[in-house]
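Me: Before we go through this structure together, I would like to put some questions about its architecture, and I would ask that each answer be reasoned through to a value or a name.

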Amino acid sequence: LVLAMLMTDSGHEEQILRMGASAASSFAACRLVGVRTVDGQRYTWTPGDRDESEPAGLQDVPSGGGEISLPDAVQAWAYGLGSGPGTPGMMVVASGRRITSDEHFLLRVLAQQIGSAVRNSRLHQLERSAAEELAFVNHQLGQTVEALEQRIEIHHRLTRAAVSGEGMDGIA
């Protein structure tokens, strides 16, 4: 619960992944190989404890996760960072023994918490970007309104001068 709260409060995706990575071995006798995140069409591999490259065939694992093959592990598993469409990636763990069903459950919950925190972080980033863009557009709109008010005032003065018959001196 505390880990989920810390990850959700974090606004940085990399920090969320590091917190999740450090917790994986606390939930099961395994090590985190890495986390693959998806943002639109961009894929990013963040290695875990060791500086390992993304396992071959990870892109073929269904979004819900599944077993994968790693040369130095008795069992390796990819867990989806959430469920259903829009899953922001996969967490990959490796173990020197078979992962128990209780450990699978805990690792799946950890992966879902990481995914929720990543999605939350991305939503906050979109909100910050939208707020910055809105502030910029509001500033431009304010400048446009000021320019229009100035033009309207000039138009009123010219109209008053023309209607009152003041001629060129009145306009000046």
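Me: Which residue follows helix 3, and what is the sign of its phi?

Reply: This is a predicted model, and in it helix 3 spans residues 101-164. The residue that follows helix 3 is Gly165, and its phi, near 75°, is positive.

Me: What distance does helix 3 reach from its first C-alpha to its last, and what would be expected at 1.5 Å a residue?

Reply: Helix 3 has 64 residues, for which a span of 94 Å is expected at 1.5 Å a residue. The distance from its first C-alpha to its last is close to that expectation, at 92 Å.

Me: Across which strands does helix 3 lie, and at what angle does it run to strand 4?

Reply: The buried residues of helix 3 include Leu107, Leu110, Ile114 and Val118, and Ala161 is also among them. Helix 3 lies across strand 1, strand 4 and strand 5, and its angle to strand 4 is about 40°.

Me: What is the order of the strands in the open sheet?

Reply: Strand 1 (residues 31-39) is joined to strand 5 by six bridges, while strand 4 (residues 75-80) pairs with strand 5 over six bridges as well. Strand 3 and strand 4 pair over four bridges, in the antiparallel sense. The open sheet has five strands with antiparallel pairing, in the order 2-1-5-4-3.

Me: Which are the edge strands?

Reply: Each edge strand pairs on one side only. The edge strands are strand 2 (42-47) and strand 3 (65-68).

Me: Which residues stand opposite each other where strand 5 meets strand 1, and where strand 5 meets strand 4?

Reply: Strand 5 runs antiparallel to strand 1, and the partner of Val35 in strand 5 is Met91. Strand 5 also pairs with strand 4 in the antiparallel sense, and there the residue opposite Gln75 is Ser95.

Me: How many residues of strand 5 are buried, and which of them point each way?

Reply: In a regular strand the side chains alternate between the two faces of the sheet. Strand 5 (residues 89-95) is mostly covered, with seven of its seven residues buried. One way point Gly89, Met91, Val93 and Ser95, and the other way point Met90, Val92 and Ala94.

Me: Across which strands does helix 2 lie, and at what angle to strand 1?

Reply: Helix 2 comprises residues 13-27 and lies across strand 1 and strand 2. The angle at which helix 2 runs to strand 1 is about 150°.

Terms used:
Residues numbered from 1 in each chain as written. Predicted model: local features only at pLDDT ≥ 70, side-chain atom pairs only at ≥ 80, totals over all residues. Heavy atoms only, no water. Buried < 20%, exposed > 50% of the residue type's maximum accessible area, 1.4 Å probe, protein only. Helix = DSSP H or I, 4+ residues; strand = E, 2+ residues; numbered from the N terminus. Pairing = 2+ DSSP bridges. Contact = heavy atoms within 4.5 Å. Axes fitted to C-alpha atoms, helices over the stretch in contact; angles between N-to-C directions. Expected span 1.5 Å × (residues − 1).
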